[in-house]
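Work through the exercises below with the sequence and the model at hand. Each task is followed by its solution in steps.

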Amino acid sequence: MTTIATSLRIGRPPVPLSLRIRHFIENVFLYAFLIGISAFMLIPFIWMLSTSLKPPDEIFTKPPVFLSPHANLDSYTFLLQNGILRNVANSFIIALAATLLSLFFCSLGGYGFAKFRFPGKAAMFAFLLGTMIIPFTIIMAPLFVMMRNFRWIDTFWPLIIPGAANAFGIFFMRQYISTLTSELLDAARIDGAGEFAIYRRVVLPIIAPGLVSLGMIFFMSSWNNYLWPLIILKSPEHFTLPLLIRSTIGPAGRTIWNVQMAASVISIIPLLVIFLVFQRRFVEGITAGAVKS
């Protein structure tokens with residue numbers, strides 16, 4: 001009665017009961033489908049966590065057991081005793097340094113392409129976008145030779161410097177900064193601000209959501225990078241977490257699966273925390289950059 005009275009009061013006809021039942025059934029099926037898909041995607045992570053807590057002789061038992069009655073933290077204790085915190089620190093240092101450096105150069109490049117006019121701008125931007133289709137495996141060998149000539153093998157520099165200004169980051173920031181009004185920048189110029197001061201004091205605060213979104217993408221990419229660190233890093237004390245996980249693989253039948261799964265759990269915890277903390281800004285940055293091309 002309340003719904004009907006409200007509908008009549010605002011000038012709308014009441015919703016038929018059959019239509020409301022239909023919408024309710026559609027929502028039930030929709031949410032059931034989404035919950036099922038979410039559960040299906042979570043199963044590998046639940047299994048990984050469960051395996052990290054199992055004794056080795058219970059990992060491949062049939063039928064499978066998700067929660068072992070003999071669950072323990074021996075795998076995590078073993079990793080801590082063997083210095084996994086050093087590998088976590090290596091991954092964090094590399095990922096953070098690469099992310100901050102990339103954000104600086106990509107935002108500068110995006111600002112230049114979005115708000116400045118110069119000869120060859122369109123051709124240069126088209127060439128920049130064209131480089132995005134080149135697989136990394138094609139430039140990997142010459143890049144390794146360059147790093148060897150710089151005497152950077154088995155250091156963190158090759159994992160930080162080469163990707164400091166990449167095409168995707170510049171394109172992303174160019175699309176985002178294009179949404180800013182030029183009148184705001186002109187007003188800063190009239191007040192006597194230089195171009196770098198405008199970038200630092202006007203542009204950077206406004207594009208903060210975009211920087212957060214791009215920074216999360218860069219950080220996760222660097223954190224999970226496996227192939228390039230495998231080629232560059234030789235000393236175990238310099239290994240990142242993906243290389244540590246690879247080192248737990250033994251000969252056939254001798255891989256310590258619970259230790260490997262424990263290392264995998266530890267490797268995803270920082271990414272999960274970062275995403276949960278910056279989730280709202282990540283969505284804001286992704287959607288805002290699509291407003292104007």
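**Exercise 1. Sort the residues that line the largest cavity into nonpolar, polar and charged.**

Solution. Step 1: the lining consists of M216, F219, M220, L271, I274 and F275. A cavity here is a set of points, on a 1 Å grid over the protein atoms alone, where a 1.4 Å probe fits but cannot get out, and lining residues have an atom within 4 Å of a point.

Step 2: apply the classes, in which Ala, Val, Leu, Ile, Met, Phe, Trp, Tyr, Cys and Pro are nonpolar, Asp, Glu, Lys and Arg are charged, and the others, Gly among them, are polar. The lining of the largest cavity then divides into 6 nonpolar, no polar and no charged residues.

Step 3: assign elements. α10 (208-224) and α13 (257-277) are the elements that give two or more residues to this lining; helices are DSSP runs of H or I with at least four residues, numbered from the N terminus.

Step 4: the volume is about 30 Å³, taken as the space filled by probe spheres set on the points, with grid points joined across faces, edges and corners. The count is 1 cavity of 30 Å³ or more.

The basis of these values is as follows: the model is predicted, local features need pLDDT of at least 70, side-chain atom pairs count only at pLDDT 80 or more, and totals for chains, interfaces and linings use all residues. Residues are numbered from 1 along each chain as its sequence is written, and side-chain values use heavy atoms, with hydrogens and water left out.

**Exercise 2. Describe the largest pocket by volume, lining and residue class.**

Solution. Step 1: a pocket is an open set of grid points with protein on both sides within 12 Å along at least five of seven lines. The largest pocket has a volume of about 960 Å³.

Step 2: 34 residues line the largest pocket, and F136, P162, G163, A164 and N166 lie nearest its centre. The elements giving two or more residues to this lining are α4 (84-115), α6, α7, α10 and α11 (227-232).

Step 3: by class, the lining has 24 nonpolar, 10 polar and no charged residues.

**Exercise 3. Which element gives the most to the lining of the second largest pocket?**

Solution. Step 1: list the lining, which is L96, T99, L100, L103, L211, V212, G215, M216, F219, I274 and F278. The second largest pocket holds about 210 Å³ of space.

Step 2: α4 and α10 each supply at least two of these residues. α10 gives the most, with 5 residues.

Step 3: the classes are 9 nonpolar, 2 polar and no charged. M216, F219 and I274 are among the residues lining this pocket, and they also appear in the lining of the largest cavity.

**Exercise 4. Classify the crossings of α4 with α10 and of α5 with α7.**

Solution. Step 1: two packed helices are described by the angle and the distance between their axes. Axes are lines fitted to C-alpha atoms over the stretch in contact, and angles run from 0 to 180 degrees between N-to-C directions.

Step 2: the axes of α4 and α10 come within 8 Å and cross at roughly 140°. That makes α4 oblique to α10, since angles under 35 degrees count as roughly parallel, over 145 as roughly antiparallel, 65 to 115 as roughly perpendicular and the rest as oblique.

Step 3: the crossing of α4 and α10 is right-handed. A crossing is right-handed if the near helix is turned clockwise from the far one by less than a right angle, and left-handed if anticlockwise.

Step 4: the axes of α5 (residues 121-130) and α7 come within 8 Å and cross at roughly 130°. α5 and α7 are therefore oblique to each other, and α5 passes α7 in a left-handed crossing.

**Exercise 5. Are R151 and D154 buried or exposed, and what is the phi of R151 and of D154?**

Solution. Step 1: most residues other than glycine have a negative phi, and most peptide bonds are trans.

Step 2: R151 has a positive phi near 60°. R151 lies in the loop between α6 (136-149) and α7 (167-177). With a relative accessible area of 74%, R151 is exposed (buried is under 20%, exposed over 50%, partly exposed in between, with a 1.4 Å probe and protein chains only).

Step 3: D154 has a positive phi near 65° and is also placed in the loop between α6 and α7. At 17% relative accessibility, D154 counts as buried.

Step 4: for the peptide bond, the case is K62 to P63, which is cis with omega near -5°. P63 lies in the loop between α2 (17-53) and α3 (74-81).
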